[in-house]
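Open your viewer, switch to a cartoon view and keep the selection box handy. We will go from stop to stop, and at each one you will hear what to select and what is there.

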Amino acid sequence: MPRPESPSNLKPSSIRIGRRYRANRLEGPYDAIVIGSGIGGLTTAACLSKAGRKVLVLEQHYTAGGYTHSYARNGYEWDVGVHYIGDMGSPNTLGRKLFDYLTDGKLRWAPMDSHYDRFYLGDTIINLKAGRDGFRQSLLKAFPEEQRAIDDYLQLLGKVAAGMQWYTLSKLAPGITSKALGKLLKAVALPDCFNRTTYEVLSGLTDNEELIGALTGQWGDCGVTPKQSSFMIHALIAKHYLHGGYYPVGGASEMANTILPVIRAGGGEVMTYADVTDILIERGRAAGVRMSDGEEIRAPLIISNAGVINTFEQLLPAEAAQRCGYRRKRQHIEPSMPHIGLYIGLKGTPEELGLPKTNFWIYPNAHHDENVQHFLADPDSEFPVIYISFPAAKDPDYQNRWPGTATIEIVAPTSYEQFEGWKDTTWGKRGDDYEALKTAITDRLMEALYDKLPQLRGKVDYIETSTPLSTAWFCRYNRGEIYGLDHTPERFEQTWLRPKTDIPGLFLTGQDILTCGVVGAMIGGLITTLSIQGVKGLPLAKQIFFDRRKDSTEDARAVATR
C-alpha cells in the first residue's frame, strides 16, 4: 500500500532509503538497471551485486522498498504493505535463507502471538494457532466432525508446496520449450489440485460451507476469493503461515535498509525520485532507459519490477510490445482487487491499550464470494472482509523509535469505479466530495474496530485513509491494485509470465512472474537472477533451494533476539 492521502500541509517524516536521483550523481557504466525498488527488484539487484555486477536501481517514489516501505507522520510510523510474514522461525525455509542471503544476516525477526490469525465468521470465532498440530487443533475445535477433511487438506498443502518448486524452476525454461515443459509438469510433478479453483478443491473435501469459509479465511492475502483463486496460491499462503507469523524488527523499512548495503558493496546504487518514462529499444534489444528529465542511461541488462502491465503498456514502445504479441496475451491477465487503507495512531503503548500481536479478519459470514459480489453491487453494504493489524505491538523495537505510542492498520477491499471520477485530480487536492466519501468509509471501518476492541473508543489521536487513487499516485498501479495480476487459474497457465522476455536484454522480476506477497516477489527476484546468470547461477540455486544449514534447531525466540 502507498503512503495514504492527507492534507497537503502535513509533511512526511524522513524514513527515506536510497539516494535522491540527479543526473550528475550517476556513476556508470552499469551492468544492469532495475526499474522499481519493490522487494522483487531489490532481490534481483542484490543477487546480481553479489555475483559481481554493478546495478542501478531506479525508484520513482521518495523512498526505496515498494510495498515494503514505511512512512512516519505526527509521531507515528506505519508499514504500508507488510503486515506479517511466515516461515521465518527456521533458518532452513526458502524465504528465511533468501532474506539472510540478501541482507548478510542483518535482518531480525520477531514472532507474533502463537494465535497469529483470528477469523470472525459472523458469530463464529476461530483462532489459528502456530504449528501444524496447532493449526489442526484450531480447526478441529470449531469443526470436530470434520477431522478427515482437515487432515486431507493438510496433506494437499504439502503436495502443492512440493509441486511449486518444480513450477518455479520451470520459469527458467526457454520460451520455445516452456509450453511443452508445462504439459510435462502437469503430467508428472504437479498434483491434480494444483491449478484448479480453491473452492472446487475444498468442496471435494467437504460440503461444510462454514469449514470452507474458515479454511479460506486468509483470502485477503492474495485478494482473490475462493471461487476465483487458484488453489496453488491459496495453498502457498496457508502453508506459509502454518508455523505462525513474524514481523521484521525495526519495521518493514528494515528490509530495504538491510539490502541496500549489499547493492552498494557491488558498486551499485538505489536512487529515489528517479522516474523512468521509457525503456529504450535499439536494434531490437533493450539498451537503456529514459528518465523524466530526459536523461538516458544505458546498460546491457534492463530488469523491470514495475509490473507486467506497466512494462508493456507504459514503458515499452508500442511497436516493441506488439512484436511480443502482448495484445493477445493481455486478454488472459487482469489486475488484482484495489483496497482501502486506514492508518491509525494512538497515545499509549500497545500493552496499555490492550493491543494483541494477532491479526483480525472480520467477515459477515463464511460465504466469501457472495459477500464480495454483494459489496461490489452495493458499496454501502457490509464489507466482505475487514483486516486489522497491530504493527506497534508486533515490533519489539517500536517503542525505542516512537515511545508511548501505538499504531493500527485496517485494510478492506473496494472497487476502483467508486473513486474513478477523481482519477485525474491531484493527490491531497481532490475536493470536498472525495473527502466526504473517505470520511464515510473511515467511520464505518472504525466502528468495526471499536466493535472488537471497545476500549479504544476515545483513544485515537490520528487517522489517515488511503484509496486506490493513492496507490495509483504513489506506486503507478493505475487501478489501485496491490497484488499485481489477479491470481486466477488462467493467470498461472500463462507460460510467457517468466523473467526472460522476447526482447533481448529485457527481463521481468517481482510478483507478476510468480506470486504475490513479500516472499513470492523475492523468489520471483531470485528466479530472474538465475535466468540472467544461467549456469553461473547454479551455486546460488543450490544454496537457496537445496542446502540445509547446521543451525536448523534455532527457534523463533532466538531469531528475534540474536
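Start by selecting residues 115-121 and 124-129, which are strand E8 and strand E9; in this predicted model the two run antiparallel and are joined by 6 bridges. Pick Leu121 in E8 and look across to E9: the bridge partner is Thr124. The hairpin of E8 and E9 has 2 residues between the strands, and Gly122 there takes a positive phi near 65°.

Now keep E8 and add residues 359-363, strand E17. E8 and E17 run parallel, with 5 bridges between them. Zoom in on Asp117 and you will find Asn359 of E17 standing opposite. Is E8 enclosed by the rest of the structure, or open? It is largely enclosed, because 5 of the 7 residues of E8 are buried.

Next, go to an open sheet of 6 strands. Colour the strands in the order E1-E11-E3-E2-E15-E21 and follow their parallel pairing. Which strands stand at the edges? They are E1 (19-20) and E21 (506-508), each with a single partner strand, so one side of each has no neighbour in the sheet.

Within this sheet, select residues 32-35 and 55-58. These are E2 and E3, paired in the parallel sense over 4 bridges. To see one of the pairs, show Val34 together with its bridge partner in E3, Val57.

With the sheet still on screen, bring in two helices. Helix H20 packs on the sheet, where it touches E15 and E21, and its direction makes about 155° with that of E21. Then select residues 308-315 for helix H10, which lies across E2, E15 (301-304) and E21 and runs at about 145° to E21.

From there, move on to residues 538-545, helix H21. Show the side chains of Leu540, Ala541, Ile544 and Phe545, the buried residues of this helix. They cover an arc of only 105° around the axis, which puts them on the same side of H21. The spacing fits a simple pattern: an α-helix has 3.6 residues a turn, so residues three or four places apart point the same way. Turn to the other side of H21 and you will see Leu538 and Pro539, which are exposed. What covers the buried residues of H21? The cover includes helix H1 (39-50), helix H2 (94-103), helix H4 (147-170) and H20 (518-533).

Now for a single residue. Select Gly288, which is in strand E13 (residues 285-291). Gly288 is buried, with a relative accessible area of 0%. Leaving out residues up to four places away in sequence, Gly288 touches Asp278, Ile279, Leu280, Ile297, Arg298, Ala299 and Ile302. For a distance to try in the viewer, pick the C-alpha atoms of Gly288 and Asp451: they are 53 Å apart in space and 163 residues apart in sequence.

Finally, zoom out to the whole protein, which has 22 helices and 21 strands. Its radius of gyration is 22 Å, close to the 24 Å that the globule rule gives for 562 residues, so the protein is as compact as a globular protein of that length. The C-alpha trace spans about 65 × 60 × 50 Å along the principal axes. Buried residues make up 61% of the 562. Switch on the surface to end the tour: the accessible area comes to about 21900 Å², with 49% of it belonging to carbon and sulfur atoms.

Terms used. Residues numbered from 1 in each chain as written. Predicted model: local features only at pLDDT ≥ 70, side-chain atom pairs only at ≥ 80, totals over all residues. Heavy atoms only, no water. Buried < 20%, exposed > 50% of the residue type's maximum accessible area, 1.4 Å probe, protein only. Pairing = 2+ DSSP bridges. Arc of directions from axis to C-beta. Contact = heavy atoms within 4.5 Å. Rg over C-alpha atoms; globule rule 2.2 N^0.38 Å. Areas by Shrake-Rupley, 256 points an atom, 1.4 Å probe, with all protein chains shown as cover. Axes fitted to C-alpha atoms, helices over the stretch in contact; angles between N-to-C directions.
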